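Visitor: I should like a close look at a single part of this model. Please choose one strand and describe its surroundings in a connected account.

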Amino acid sequence: MSINKIAVFCNSVPDEILLAAGLVSEKIEDISLNHDISNKYLASNLCSYSKNALDYLSENKENYDGMIFTNTCHAMEVLYEICREIFEDKFVYIIDVPRNRKDNSVNYFYKVLTDFVKSIEAYFKVKISEDDLEKAYLKINEMNKLRTDMDNILSDEKYYVQSVYQQRIQKEYEKMNIQQYRRLYEEILERKKKYKNEVRIMLCGSNLAPLKIADCLEEIGGEIVLYDFTQGSRRYSRTNTYKNIDIIEIISINYLNKPYGTMTSDLKLRAKQVIENIKKYNIQLVFLSVIKFCSDEVFFSALLTKYLAKNNIPYLILNTEYTEKCSGQLLTRVEAMLETMS
Ligand code: SF4
């Protein structure tokens, strides 16, 4: 039986429902070098992540049976419209995720997800039973638990784990099955070393843009303790279990109770959550990544920097394209910042 692969872009697409339908999701984050398609369809002031995603999907369309978006930001809504037009033989869908956590948000999201289930059933000609949903829910929960355990090791003050493992967790999670994930967990447990006296850093902001920066930081005396990206570990931070209620309702509650991200309408709560984590994990320096033309992160970074300054936490804003390269110029700024800390 062939497994249908679905491209996703955001951490609010419920993996449980896809899994219950026999679908596999893959987050699009590959770097595309050829911009012919995105230059043709997208305005020049859309973020480079959305452009790269369109180029990547065009070059690899045969690998995906569908694309599922959320209304995270203007760029994602535009990308959804374009994909609907150019990939008309695929399942192209957008999920309307509430931006706040008011009492009626769960009811609204419940209806949205119920419609989503029906659309998947109709398009892929499958029936998603309560039993399928429960099995999928428990399996995803097990993955989330492992992921949370790994995050806890990474942020343990007594040890450090080389950035290569942190990057693998961030980047390869989607592609791993649970056995591979358990092996990586064991490997990390073995490889953790005694704490090195380095500057404890949080990488925060939009997407996974400058992941290679982790290597650069480690080389010049920093230790990345926490990732707080819009699409980072936030996706997996939901391992609640509720008994005796509908699984779709559980999923709606869990997704709306994840740590605050780009979608939240209350940026102050998101900023306060970052500050709480900084204190909890004893972070000494914050690198705030803002992908060019990502207006949501520009607004958020303007607010967050006020909170950081008020709490005397040093920070550096890295305004970058969505690229893995840690450019010479960027590295010079990062080095200079670390020098001021030592
Ligand atoms: S980087 Fe910003 S603008 Fe681009 S898709 Fe992500 S949230 Fe949207």
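Guide: The account below concerns the strand β9, its partners and the helix that follows. The model is a predicted one.

β9 spans residues 285-291. Because 7 of its 7 residues are buried, β9 is largely enclosed by the rest of the structure. In a regular strand, side chains alternate between the two faces of the sheet. Both faces of β9 are covered: one side carries Leu285, Phe287, Ser289 and Ile291, the other Val286, Leu288 and Val290, and all of these are buried.

β9 pairs with two strands. With β7 the pairing is parallel and comprises 5 bridges; Ser289 of β9 is the bridge partner of Gly205. With β10 the strand also runs parallel, joined by 6 bridges, and here Val286 stands opposite Tyr315 of β10. Between β9 and β10 the chain passes through α12, forming a right-handed β-α-β crossover.

The connecting helix, α12, has 16 residues and extends 23 Å from first to last C-alpha, close to the 22 Å expected at 1.5 Å a residue. Its buried residues include Asp296, Glu297 and Phe300, together with Ser301, Leu304 and Leu308. Among the elements covering these buried residues are β9 itself, both of its partners β7 and β10, and α11. After α12 comes Asn312, with a positive phi near 55°.

The same region also bears on the ligand. Of the 15 residues around the ligand, Cys294 is among those that come nearest, with Cys47, Cys73, Ala75 and Ser206. α12 is one of the elements giving two or more residues to this shell, along with α3 and α4. By class, the shell has 7 nonpolar, 6 polar and 2 charged residues.

Note on methods. Residues numbered from 1 in each chain as written. Predicted model: local features only at pLDDT ≥ 70, side-chain atom pairs only at ≥ 80, totals over all residues. Near = placed C-beta within 6 Å. Helix = DSSP H or I, 4+ residues; strand = E, 2+ residues; numbered from the N terminus. Nonpolar A, V, L, I, M, F, W, Y, C, P; charged D, E, K, R; others polar. Expected span 1.5 Å × (residues − 1). Buried ≥ 20, exposed ≤ 12 C-beta atoms within 10 Å, placed from the backbone. Contact = placed C-beta atoms within 7 Å. Pairing = 2+ DSSP bridges. Right-handed = clockwise from strand over helix to strand, strands pointing away.
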